[in-house]
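Take a look at the model below. This report starts from one residue and works outwards to the whole chain.

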Amino acid sequence: MSTVQAGGSALVEGRRWPRIVRYWVRHWPVSVILVLIVLMMVPMLLALFIAAKSRAQFDFNPWGLTFPLYYHQTFPAAWRVVSQSILNSVIVSTVSCIGVLFFGSLSAYVFARFDFLGKDTVFVIILSLLMIPAILTLVPRFVVVHKLGLFQTMWALLLPYIAAGQVMAVFLMRTFFVSIPSEYFESARIDGASEFRCFWNIALPLSKHIAGVVAILQVLGTWNDIFWPYLTIGTKKELFTIPVALLIFNDQLGQQIGTQMAGYIIASLPLVLLFAFTSRLFVEGLTAGGLKL
Amino acid sequence: MPYYAVLLPTLLGLLVFDYYPAFLAVYHSFFEWDIGLPATWVGIDNFVRMFTQDRTFLRSLRNVGIITVWIMFQATVIPLVVAELIFAVKSMRWKYWFRIGMILPAIIPGIVVFLLWRFIYDGSVGLLNAFLTAIGLESWTRVWLGDPRIAIWALTFSGFPWVNGVNTLITLAGLQNINGEILESSELDGASRLQRIWRLDIPLVFGQIKLNLVRAIIASIQIFEVVFVMTEGGPIKSTMVPGLWLYYNAFNYHRMGYASAIGVFIFVTILLLTLASMRIFREERA
């Protein structure tokens with residue numbers, strides 16, 4: 001960005017190229033990344049364009065932006081089809097997130113602060129689940145859920161999501177709790193605080209960031225899960241989560257392409273909104289540098 | 001024990017929904033068990049059958065091999081290149097927005113991305129064919145996901161420009177943690193940018209690259225959602241992958257024992273490949 005460099009390369013390249021071109025060539029990493037990001041967004045932009053089209057406009061020009069825009073028709077039509085499943089997804093993601101944070105942090109706290117018989121063994125046994133691929137347990141888990149009478153209920157989603165999400169939660173939060181100086185807890189105990197208050201009023205408030213990361217991972221994972229809800233909710237329409245609804249909806253609405261695309265956009269919006277508020281946390285969590293093998 | 005009381009909900013949930021199913025999967029892989037019928041112990045017959053009689057399974061191995069090789073590349077090399085590009089940007093403001101821009105596509109639900117790509121590949125109204133026609137390559141147009149010889153490649157290379165934002169940020173984090181003095185002194189010594197990347201950056205961010213690699217192995221060996229949404233394994237099973245074949249065996253053909261055996265195979269493959277890659281790359285680094 002320095003002006004000295006600007007003068008230098010202007011001499012080298014002569015005055016044939018307009019200033020704007022010279023700027024982008026000189027800052028070529030910026031240009032390349034911008035192009036990449038635009039390309040990465042192409043599918044979403046397409047969806048946005050096509051969602052504006054009537055059937056006739058789509059037949060005439062499927063890919064460009066056409067006027068007039070029919071958003072006022074496609075979005076309400078899509079919303080009528082997906083609104084229930086959006087609500088279901090919000091419930092599933094929120095409740096399972098709260099469950100994971102609550103039980104996961106409690107367990108992590110116990111692992112971090114106390115010594116008891118078999119502690120290390122139990123901890124390793126829990127962590128070993130990180131190595132077991134979801135596909136291995138897919139079928140038998142379905143059998144278990146069926147036998148417990150949870151088939152086609154929301155519990156079939158919530159309970160396994162809460163159980164599985166805790167593995168990562170316990171791992172990440174234990175590491176964090178260990179790093180809190182024990183003096184904090186000791187002085188609170190001397191002042192007569194119960195162990196639960198130590199957890200609730202000291203450990204949890206300090207672990208806001210790591211809890212945020214756990215929460216985002218859980219929401220992303222549950223919101224995007226396609227197969228488990230597809231299996232366990234089956235044909236029960238009023239319990240569809242958003243991926244299942246889109247999958248079914250896609251096959252039913254094949255002809256109304258604008259509405260279909262509007263549905264895709266509506267399905268993405270809650271996560272985009274969540275991201276708008278947590279992007280800082282998320283990006284910082286990823287770029288803090290702690291993630292490596 | 002009060003400690004165990006606190007751990008109980010966690011342990012109980014994992015026991016019911018994770019350990020017990022994992023145990024069942026391994027256990028059933030030694031049985032022939034069709035839903036509704038009694039299970040019979042068959043030893044390792046299921047595994048033998050996979051490799052000797054099941055042509056679809058063998059086909060699925062080839063497909064998952066193609067996909068895994070590509071995803072391993074896509075998860076390590078491309079993020080490194082993009083992270084180096086972002087690292088080379090001097091302006092902090094651009095850097096900040098680039099990091100956001102990398103993540104934004106990653107939060108679009110997978111199902112939406114898969115369905116959009118199915119649409120891009122569409123034979124009659126797809127963007128890809130429209131684009132090829134527009135640049136005068138009309139002879140290249142085809143029904144991308146409908147041609148058994150092409151479909152697996154179309155599937156594998158969907159997601160252009162193949163930039164994995166999360167992996168890029170993980171790699172970028174490694175680059176930013178490199179001590180600035182090391183980089184400066186290499187510049188003073190007259191090292192070119194490429195030399196610096198090869199000699200300094202790559203060894204120093206190897207932990208991050210390895211993390212991306214292992215995550216790629218774990219995800220790609222058990223891949224099946226993208227295949228299910230885009231082709232359902234077709235046409236004529238040409239895009240079948242083991243994960244989806246497991247699903248079909250379990251829920252369409254009701255061969256639970258055989259499906260479990262495929263699951264065990266996937267599990268063991270992931271385990272071995274992960275261990276192997278950790279070992280190989282540890283030695284290379286030294």
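## One proline at the meeting of two chains

This is a predicted model. Start with A:Pro140. Neighbours within four places in sequence are left aside here, and A:Pro140 is then in contact with B:Pro21, B:Leu24 and B:Ala25. These three partners belong to chain B.

Where does A:Pro140 sit in chain A? Its place is in helix H7, which covers residues 134-147. Is A:Pro140 buried or exposed? It has 24 other C-beta atoms within 10 Å. The cut-off for a buried residue is 20 or more, so A:Pro140 counts as buried.

## The contact between chains A and B

Now widen the view. The contact takes 67 residues from chain A and 75 residues from chain B. On the chain A side, several helices give two or more residues each. They are H3, H5 (71-113), H7, H8 (155-178), H11 (208-224), H13 (242-252) and H14 (257-287).

Which helix gives the most to this side? H3(A) does, with 13 residues. What kinds of residue make up the side of chain A that touches chain B? They divide into 56 nonpolar, nine polar and two charged.

## Helix H3 of chain A

H3 of chain A runs over residues 28-50, which makes 23 residues. At 1.5 Å a residue, H3 should span 33 Å. Its end C-alpha atoms are 32 Å apart, which agrees.

H3(A) also has a kink of about 50° at A:Val42. The kink lies shortly before the proline A:Pro43. A:Pro43 is itself one of the buried residues of this helix. The others are A:Val30, A:Ile33, A:Leu36, A:Ile37, A:Met40, A:Met44, A:Ala47 and A:Ile50. A general rule helps in reading such a list. An α-helix has 3.6 residues a turn, so residues three or four places apart point the same way.

## Chain A as a whole

Chain A has 14 helices and zero strands. Along the sequence, its pattern is α from start to end.

How does chain A compare with a compact globule? A compact globule of 293 residues would have a radius of gyration near 19 Å, but chain A has 26 Å. The C-alpha trace spans about 75 × 60 × 35 Å along its principal axes.

Buried residues make up 39% of the 293 residues in chain A. Now take the contacts in chain A between residues at least 6 apart in sequence. Of these, 75% join residues at least 24 apart.

Methods
Residues numbered from 1 in each chain as written. Chains lettered and ligands numbered in written order. Predicted model: local features only at pLDDT ≥ 70, side-chain atom pairs only at ≥ 80, totals over all residues. Helix = DSSP H or I, 4+ residues; strand = E, 2+ residues; numbered from the N terminus. Expected span 1.5 Å × (residues − 1). Bend = angle between axes of the 7 residues up to and from the residue. Buried ≥ 20, exposed ≤ 12 C-beta atoms within 10 Å, placed from the backbone. Contact = placed C-beta atoms within 7 Å. Nonpolar A, V, L, I, M, F, W, Y, C, P; charged D, E, K, R; others polar. Rg over C-alpha atoms; globule rule 2.2 N^0.38 Å.
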